[in-house]
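I opened this notebook to keep track of what I looked up in one protein structure, going from the whole chain down to single residues. Each entry takes up one topic.

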Amino acid sequence: MTTTVTPPDPTPVKERKRSRLPKSARAGGTLHAGPIAYVILALFTIGSLFPLVWTAIAASRDNSRLAQSPPPFWFGAGLFDKLEIAWKDANLGEAFLNTTIVAGTSAVTIVFLSTIAGFAFAKLRFKGRGALMLIVIGTMMVPPQLSVIPLYMMVAKLDWTDQLQAVIFPSLVSAFGVFFMRQYLIQALPDEIIEAARVDGASSWRVVWHVVFPTARPAMAVLGMLMFVQTWNDFLWPFLVLTQMGNPTVQVAIAGLGRGYTPDQSLIMAGALLGTLPLLVVFAIFGKQIVGGIMQGAVKG
């Protein structure tokens, strides 16, 4: 009895996998989404933009029109007047400068310290590393409201009330940032690169500057953006230690708008719109770089 042996397929594995792809992908083109995907994306985009658009519409109307049913769904004639009044009444020029200083300092410091600490927890071997990491993660589970009273007592004792350092110093470190950078560096930074740097005689700080920081750049950009936005939108702690007439941040300044027996809702909306615009500008300028950094880090990992 003769056995028939089927010869192996001479087509390479990569070519066989490539043949299963659509023609556009096989030709090196771009895969195009169908009409349903575009409809879903359009709905999500409209839903995401609606709160911002509604804020602008409400800022252009007055209280009497906002109280009517149905509410307005198109802009009125007083948008720019309300924006000008909100800018002057809330002293938003100084508030923007103060918030930029606070958010920028906090973001840069958190990224720097979190990258170093994340590298230590991810790649260095030292006694008690696991226990220390559990303590860092445990601090993330403590509600921030529990630390308000002792923190305020410390700030009052240092005579920092109504000064920017009262907001800056408590936000210079982040347990989330340490955990985030640790998880990224575990995957993105091979041990062989660190060992090669050690063989070449690099010290620990040289490894951090020339190996860790370039590798962690995508994650550092994402963490910096997240921390900047978080600090920019922080309200509770700045509201407790700062005043609108002293050194306000944006959220503290907006909180003082429209006060009275009948709050001016349109003026409050105008202030909220002005406080949101800088973040939109930052995302518009750096959004592509951040997304590209995330994709680059994902491919390297």
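The entries below follow the order in which I looked things up.

**Entry 1: the whole chain**

I began by noting that I am working with a predicted model. I then looked up the secondary structure and found 16 helices and 0 strands in the protein chain. I next asked what share of the 301 residues in the protein chain is buried. The answer I wrote down is 34%. For the surface, I noted that the protein chain exposes about 19,000 Å², and that carbon and sulfur atoms supply 68% of this area. I also looked at contacts between residues with a separation of 6 or more, and residues 24 or more positions apart account for 70% of them.

**Entry 2: the salt bridges**

How many salt bridges does a search of the whole structure find? I recorded 2, and I took them one after the other.

In one of them, the side chains of glutamate 84 and lysine 88 meet with a distance of 3.2 Å from N to O. I checked where these residues sit, and both lie in helix α5, which covers residues 79-89. They are 4 residues apart, which is about one turn of the helix. I then looked up how open each partner is: glutamate 84 is partly exposed, with a relative accessible area of 43%, whereas lysine 88 is exposed at 58%. Lysine 88 earns the word "exposed" because its 58% is over the 50% cut-off.

In the other, aspartate 191 pairs with lysine 123, and the closest N and O atoms are 3.0 Å apart. Aspartate 191 belongs to helix α11 (residues 191-199) and lysine 123 to helix α6 (residues 92-123), so this salt bridge ties together parts that are 68 residues apart in sequence. I asked myself whether lysine 123 is buried or exposed. With a relative accessible area of 16%, lysine 123 is buried, while aspartate 191 counts as partly exposed at 33%.

**Entry 3: the cavity and threonine 249**

I moved on to enclosed space and found 1 cavity of 30 Å³ or more. The largest cavity holds about 40 Å³ of space. Its lining is made up of Thr99, Val102, Val167, Thr231, Trp232, Asp234, Pro238 and Thr249. I noted that α6 and α13 (217-233) are the elements that give two or more residues to this lining. Sorted by kind, the residues lining the largest cavity are 4 nonpolar, 3 polar and 1 charged.

I picked threonine 249 from the lining of the cavity for a closer reading. Threonine 249 lies in the loop between α14 and α15 (250-255), and at 5% relative accessibility it counts as buried. Which residues does threonine 249 touch, not counting those up to four places away in sequence? I listed Ala95, Thr99, Pro238 and Leu242. Two of these names, Thr99 and Pro238, I had already written down for the cavity lining.

**Entry 4: the pockets**

I then turned to open spaces, and the largest pocket has a volume of about 910 Å³. It is lined by 24 residues, and those closest to its centre are Pro144, Ser147, Pro170, Ser171 and Gln230. The elements that give two or more residues to the lining of the largest pocket are α8 (148-157), α10 (175-188), α13 and α14 (236-241). I recorded 16 nonpolar, 7 polar and 1 charged residue in this lining.

For the second largest pocket, I wrote down a volume of about 200 Å³. Of its 12 lining residues, Ala107, Met220, Ala221, Gly224 and Met225 are the closest to the centre. Here α6, α13 and α16 each supply at least two residues of the lining. The residues divide into 10 nonpolar, 2 polar and no charged.

**Entry 5: leucine 279**

My last entry concerns leucine 279, which lies in helix α16 (residues 265-300). Leucine 279 is buried, because its relative accessible area of 10% is under the 20% cut-off. Leaving aside neighbours within four places in sequence, I found leucine 279 in contact with Phe228, Val229, Trp232 and Asn233. Leucine 279 and asparagine 233 are 46 residues apart along the chain, and I noted a separation of 9.7 Å between their C-alpha atoms.

Note on methods: Residues are numbered from 1 along each chain as its sequence is written. This is a predicted model: local features need pLDDT of at least 70, side-chain atom pairs count only at pLDDT 80 or more; totals for chains, interfaces and linings use all residues. Side-chain values use heavy atoms; hydrogens and water are left out. Buried means under 20% relative accessible area, exposed over 50%, partly exposed in between (1.4 Å probe, protein chains only). Contact means heavy atoms within 4.5 Å. Accessible areas come from the Shrake-Rupley method with a 1.4 Å probe; for residues, only the protein chains shown count as cover. A salt bridge is a side-chain nitrogen of Lys or Arg within 4 Å of a carboxyl oxygen of Asp or Glu. On a 1 Å grid over the protein atoms alone, a cavity is a set of points where a 1.4 Å probe fits but cannot get out, and a pocket is an open set with protein on both sides within 12 Å along at least five of seven lines; lining residues have an atom within 4 Å of a point. Grid points are joined across faces, edges and corners, and a volume is the space filled by probe spheres set on the points. Ala, Val, Leu, Ile, Met, Phe, Trp, Tyr, Cys and Pro count as nonpolar, Asp, Glu, Lys and Arg as charged, and the others, Gly among them, as polar.
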